[in-house]
Amino acid sequence: MTKWKTIEELRTIFIKKYINSDLQSELEKACSEEYELRRDYNGRQILELLQNVDDACDEKAKQKEVVVIFSFKNNILEVGNTGTTFSDESIERLCLGRASEKSSKNIGNKGTGFRSLLNDAEWIEIHSKTRGLKFSEEFTQRLFNSYCDCKSKEYSQLIDEQRKNWKKDYNFCFPIMNCPENINCDCKGFDTLIRVKIKDENEKKETSIKKQLEQPFYTSLLFLPNITKIVIETHPNIKEYSKISESNKVLIEEKIGKQSSSIKEYFLYKNIVSIGKKEAQLIVAIPHDDNYDFKSEKLYCYFPIRNFTT
């Protein structure tokens, strides 16, 4: 049970933490942490969105087909899914970032990878159940400025002094994920819909959203136990990837537009590794094809490694 009832109340809880802190560098720490998470997870936005959907599946969702649909048109990325929703508790954890909602045994934190979207987003919207909320740099900066304006009723000397003493080469501000706005909820028939306005300059990047969607990330279905189908809608094509599992055998069915389907078969080998009190599940997928060219494959790491692309 959360202690807030509206998105505005949730945002106020975060702001009060910074303006009423007994610690001189409370906001500096939060600002730096969000920046570092954005940097560490950059280029993995699509994978992180899939991981978030899979992690959010409860026992009820696991009993039905979980479908994720990506649509990318006019620089708007939409990610809709059937089977998972955001509760008030999960929204709070998303804003906090490193507050784990996963099984007490499993490794992972809610919202950590989600922050990768901030690298290229003008705004991010989440529509789920009856909640609609929005995150944007523009709104957060405007809110922050009001606490640095000595003529404003919100003026905070503590915040203003931290701003003046800031020496790092990136902007000092409230964390964007701590400053949600309330918006009307419109799920468009999905259980949850995430909409992201991508900045124009993203298209020039090697890790652009468009290029990520062109990569064979659908093989992630092998390692995401709860998602059963991925659909990618980019003009003029529609691609569908479905997973059929039987014991340690997995079939990935690929359908592009009106073309006939192709099926790839894999063997999965799983092992549970204990790391302290936590557990990590290791999965290796091997194609069932004697003539498969492994030289064309890459090793993907779900945990970011600094100074290396992952």
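## Where β3 meets β6

S128 stands opposite T192, a residue of strand β6. The strand β3 covers residues 121-128, and 7 bridges join β3 to β6, the two running antiparallel. Strands here are DSSP runs of E with at least two residues, helices are runs of H or I with at least four residues, and both are numbered from the N terminus.

Before going further, a word on the model: it is predicted, local features need pLDDT of at least 70, side-chain atom pairs count only at pLDDT 80 or more, and totals for chains, interfaces and linings use all residues. Residues are numbered from 1 along each chain as its sequence is written, and side-chain values use heavy atoms, with hydrogens and water left out.

## The sheet around them

Let us step back to the sheet. Its 11 strands follow the order β5-β4-β3-β6-β2-β1-β7-β8-β9-β10-β11, forming an open sheet with mixed pairing. Each edge strand, β5 (181-182) and β11 (278-287), has a single partner, so one side of each is left without a neighbour in the sheet. Two strands are said to pair if DSSP finds at least two bridges between them.

Helix α5 (residues 137-146) lies across β3, β4 (131-136) and β5, and runs at about 75 degrees to β4. For such angles, axes are lines fitted to C-alpha atoms, for helices over the stretch in contact, and the angle between N-to-C directions runs from 0 to 180 degrees.

## Helix α3, largely enclosed

Now look at helix α3, residues 45-56. Its 12 residues reach 17 Å from the first C-alpha to the last, close to the 16 Å expected at 1.5 Å a residue; the expected span is 1.5 Å times one less than the number of residues.

Of the 12 residues of α3, 10 are buried, so the helix is largely enclosed by the rest of the structure. Buried means under 20% relative accessible area, exposed means over 50%, and partly exposed lies in between (1.4 Å probe, protein chains only). The buried residues of α3 include I46, L47, L49, L50 and V53, and also E48 and D54. They pack against β1 (67-73), β2 (76-82), β6 (192-198), α7 (209-214) and β7 (229-234), where a contact means heavy atoms within 4.5 Å.

## Salt bridges

The structure holds 14 salt bridges, each being a side-chain nitrogen of Lys or Arg within 4 Å of a carboxyl oxygen of Asp or Glu. One of them brings us back to β3 and β6: the side chains of R195 and E125 meet at 3.2 Å, N to O. This pair links distant parts of the chain, with R195 in strand β6 and E125 in strand β3, 70 residues apart. Both R195 and E125 are buried, and they belong to a salt-bridge network with E78 and K188.

Another pair is D120 and K205, whose closest N and O atoms are 2.7 Å apart. Here D120 sits in the loop between α4 (88-96) and β3, while K205 sits in the loop between β6 and α7, 85 residues apart. D120 counts as buried at 3% relative accessibility, whereas K205 is partly exposed at 28%. R39 and D40 also form a salt bridge (3.3 Å, N to O); R39 is partly exposed, at 42%, and D40 is buried, at 18%.

## The whole protein

The protein has 7 helices and 11 strands. Of its 310 residues, 45% count as buried. Among contacts between residues at least 6 apart in sequence, 61% join residues at least 24 apart.
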